[in-house]
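Me: I am in my first year and would like to take a careful look at one part of a structure, and then see how that part fits into its surroundings. Here is what I have in front of me.

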Amino acid sequence: MSANNHELNKFPWKHVIGLALSLILTLLALWVVVSLSLPTVATLTIIVLLAICQAFIQLLMFMHINENHGRGYRILAIAFGFYIAAVVVYGSLWIMWFTV
Amino acid sequence: METTNHTPIEYSTEEGSNKILGFWVFLGAEIVLFSALFSVYLVLHSHTAGGPTSKDLFEVREFMIETFLLLISSFTCGLGTIELRRHNVKGLVAWLVITLLLGLGFVGMELNEFITYVTVEHATIQTSAFLSGFFVLVGTHGAHVSLGIVWMICVVIQLLRRGVTPVTARKAFIIGLYWHFLDVVWIFIFTAVYLTGLVL
Amino acid sequence: MIENIKSFLGSFFVTGDPMIYGADASIALASIGIVFYLTYFKKWKWLWDEWLTTVDHKKIGIMYIIAAILMLFRGGVDALLMRAQLIIPNNTFLTSQHYNEIFTTHGTIMIFFMAMPFIFGLMNIAVPLQIGARDVAFPFLNAVSFWLFFLAAMLFNISFVIGGSPDAGWTSYAPLAGLKLDPGVGENYYLIALQISGIGTLATGVNFLVTIFKMRAPGMTLFKMPMFTWSTLVTSIIVIFAFPVLTIALALMSIDRLFGAHFFTIEAGGSPMMWANLFWIWGHPEVYIVLIPVLGIFSEVISTFAHKTLFGYKAMVWSMIAISVLSFTTWLHHFFTMGNTAMVNSFFSISTMIIAIPTGVKIFNWLFTLNKGRIEFTTAMLWALAFIPNFTIGGITGVMLSLAPADYQYHNSYFLIAHFHNVLIAGTVFGVFAGLHYWWPKMFGHILNERLGKWAFWVFMISYNICFLPMYFIGLMGMTRRMYTFPSGLGWEPLNLIITLGAFGMGVGFLIMVWMIVYSAKYGKRDTTGDPWNGRTLEWATSSPAPEYNFAHIPQVETVDAFAHMKEKGTADSIYKAPFQAIHMPNDSGIPFILSVFFFIAGFGLVFEWYWMAIPGAIGIVVCMILRSFKDHDDHHHIPAEEVEQTERAAGRLS
């Protein structure tokens, strides 16, 4: 059954690369915060971007979000979730910080 | 993108593929659930009411170890899914058990962190709005991990009893999704709570 | 010792008001009556086998609707008590505390335990049939959803006689609803009951989304689905992404009240406004959760009784999708007056106006569907036609309220009350009544009496306008919402009197409707064809009431209005032609009911902070879930082909 499936019999490079990338990105984020003294806004922007990269690594390399078997609906659900999450977080901060 | 036309066993029945999609949709809802907790935490972050601040509390060494435990457990759990697709029940169970142990280590460290805050730093959920937000956001994630551990034990027992069937395969795949998702949430906790807590 | 017991009972049971004792007595009598009936007629086993353990979407739908009608009665009585209090100035019929409790339970029950379950009931009945499926994607989960809702509704309702009702409004704003200003168990009931029911609602959203995505009959692409199915799809998406925010809001307030945290308190840095923020992030999408499905119902009813395909199908669908995306960006208009910055208020003012556009598009689509149609004025159609002007009034006053500066004038006045009742009654209530008349034959196999139905319609609809139109004016005259009494001499007396008369008129309309249901059960015209309205969609292709397996053969779909097309082509009998095959169906299960009972026990324990009760309840929940996990490896059975044939023959489908 799995003989015709190339993917299953080789070394799991994708997962190993995924792990390596997430460890590197984590350490990079820590380094940016602890060792670089960038302005606060720059630091926060960089670490949030790194976190988003890591989330994509999990989704693509570990969770198989992109494989067949109903890909469209699955991506729709997660994408809409991220849209609402962005609205909730950004909207709440905008409203509750009373700045602009 | 994987181009295989081969259908993995967990998708082989209509019920299995429906339940997997249902679980993805549920994860979409979980994203929103955590986003609400994040927004509460971030709004209340500066509301320390004279109590300890995030800079006073967070220890780099501790939260880095927690992060590595969880990142590696996500990796081992992913290897489990590969074994699942090879129909190798022993390999799958072995990776799931390693994942479980790493998860237990994470929960243990988090509990230890909470207990230190409460007993040594006198920082409780009642001290300030900041701490209420902190304990509930991080605690909700920890509760999810603990639930995941109980759930994974149930799946392991069923795998040992029944082997890889369309039903057990679906369950093993879904608990894997759940576990990776908790790692995604932790990445954001690591960023928005711990690292940000060192900056702001 | 005896003193202790006495004082405990005195605080456990609500005392001191003759109306409460009346309620105690009637609850006790009704319970005894039900137990006696079930025992005397040996119906316990029937109740358990046919209803409590069922996973059949049609039976679950019926149970949702029965519960919703009961809750409509309870919420309606609350409304009438409020209006009785306000019939004359300086009235002393209700105390201020009692009045607070009643407007709180009225709002909460009508939204959570009437509108949503009514809609979910109709979805359960119609959607799997409309898409040609045998059941929903997750029948077991569907039963869990229902029983969680039902036991949460019971938990909420016993607050009336045990412990005391919540009294901080259905929005439960902090800090008023916090422990400092509102001690006692009332608010706990609100928080815990809504939490339990919300879990069920989220599960329903996931269930219907997957059902519609994955279980459609062959050939039914997304853009060939009936409009009610589309509206259910869009509603499910909103449910899935809005309800988690309510879950969090309720959980945080519960943690504040039970464990002394400071999310929404006024001391230790808490932020009461954060409650309003979270509540309305969920609350505005919630408005569309109870509105969009009825827009689907109206589309079905108008298209069926105008005997035309719906005008502008694609525009309808895209406007619903636009609403689902935009509905998450307007929430702040519920608290323009909380001192936000000018930019914030401007943004949410504009986004609110934008969302009126897709809604307006839909109104024109219905008008053009009616244009040149052969209109048949059935009761369902009357409700649908009445919806258009009445809802538009509510919609336009909504746009008035969306202007942030003007909102400072309207806010929290009766103008607002009139606006949202105009939208929610003319939208949701008219909609579920239309749906009830429309799908009743499919549920029970007989048609609701048209003459009584029309009486109920005219009495209810006219009274509704008598009740709510004057509220706009009395609001502009300065009467604010939630006033338990008003002084004389402000010129409010005549309008308040008229409003109260209108409210009681609606009560009469409701009673006529109940009589209509009882009368029709006995004398209603049987529906032997399965297609009493010359329907256009697949639910009318099977017999009435639909058999357990819905369709003997899964239909093949080619166009929108699949059944109308089949009838034109003469292939409508393809779904019940011999030979038959065995049909794969899910097993019944008692776990959903038992699980929900444990939720009730745990919830009751938390309300009273009795952890000796809450913890065993929680353990029961976990045990039920583990049991389910270990037992679901084989939870299906087959209906043999002969039984299918017998059923079809009994329905008169085989000659």
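Why does B:H87 count as partly exposed, in terms of the other C-beta atoms within 10 Å? Please take a close look at this residue, and then work outwards from there.

Reply: Please keep in mind throughout that this is a predicted model. B:H87 is partly exposed because 16 other C-beta atoms lie within 10 Å of its own, and the label "buried" would require 20 or more, while "exposed" would require 12 or fewer.

The backbone of this residue also deserves attention. Most residues other than glycine have a negative phi. B:H87, although it is not a glycine, has a positive phi of about 60°, and its place is in the loop between α3 and α4 (89-119) of chain B.

The helix that B:H87 follows is α3(B). This helix covers residues 60-85, has 26 residues, and reaches 38 Å from its first C-alpha to its last, which is close to the 38 Å expected at 1.5 Å a residue. The UniProt record, an unreviewed entry, lists residues 21-43, 63-82, 89-109, 129-160 and 172-195 of chain B under "transmembrane region". In the model, the span 63-82 of chain B is 100% helix and 0% strand, with its end C-alpha atoms 29 Å apart, and the span 89-109 of chain B is likewise 100% helix and 0% strand, with its end C-alpha atoms 30 Å apart.

Stepping back to the whole of chain B, you will find six helices and zero strands, so that from the N terminus on the elements run α-α-α-α-α-α. The C-alpha atoms of chain B fill a box of roughly 60 × 30 × 25 Å along the principal axes, and buried residues make up 58% of its 200 residues. If you take the contacts in chain B between residues at least 6 apart in sequence, 80% of them join residues at least 24 apart.

Chain B also touches its neighbours. In its contact with chain A, 43 residues of chain B meet 44 residues of chain A. On the chain A side, α1 (6-9), α2 (13-34), α3 (40-62) and α4 (71-96) each give two or more residues, and α4(A) gives the most, with 14 residues. By class, this side of chain A has 26 nonpolar, 15 polar and three charged residues.

A single residue can make that contact easier to picture. A:A55 is found in helix α3 of chain A, and, leaving aside its neighbours within four places in sequence, A:A55 is in contact with B:V184 and B:I187. A:A55 counts as buried because it has 21 C-beta neighbours inside 10 Å, whereas B:H87, with 16, is partly exposed.

In its contact with chain C, chain B takes part with 28 residues, and chain C with 31 residues. On the chain B side, α1 (14-44) and α5 (129-162) each supply at least two residues, and α1(B) gives the most, with 14 residues. That side of chain B has 18 nonpolar, nine polar and one charged residues.

Chain C offers useful parallels to the place where we began. There, helix α9 (residues 272-305) has 34 residues, which at 1.5 Å a residue should span 50 Å, and its end C-alpha atoms are indeed 50 Å apart. α9(C) nevertheless has a kink of about 30°, centred on C:W280, and 32 of its 34 residues are buried. α9(C) is followed by C:H307, whose phi is positive, near 55°, just as α3(B) is followed by B:H87, whose phi is positive, near 60°.

Another example is C:S172, a residue other than glycine with a positive phi near 50°, which lies in the loop between α6 and α7 of chain C. C:S172 counts as buried because it has 25 C-beta neighbours inside 10 Å. The loop between α6 (139-158) and α7 (186-214) of chain C also holds C:P175, which is joined to C:A174 by a cis peptide bond with omega about 0°.

To return to your residue, B:H87 sits in a loop between two helices of chain B, has a positive phi although it is not a glycine, and is partly exposed.

Definitions and conventions. Residues are numbered from 1 along each chain as its sequence is written. Chains are lettered from A and ligands numbered from 1 in the order in which they are written. This is a predicted model: local features need pLDDT of at least 70, side-chain atom pairs count only at pLDDT 80 or more; totals for chains, interfaces and linings use all residues. Two residues are in contact if their C-beta atoms, placed from the backbone, lie within 7 Å. Helices (H or I, at least four residues) and strands (E, at least two) are DSSP runs, numbered from the N terminus. Ala, Val, Leu, Ile, Met, Phe, Trp, Tyr, Cys and Pro count as nonpolar, Asp, Glu, Lys and Arg as charged, and the others, Gly among them, as polar. The expected span of a helix is 1.5 Å times one less than its number of residues. The bend at a residue is the angle between axes fitted to the seven residues ending there and the seven starting there. UniProt positions are given in the numbering used here, feature names are shortened, and annotations may be inferred rather than shown by experiment.
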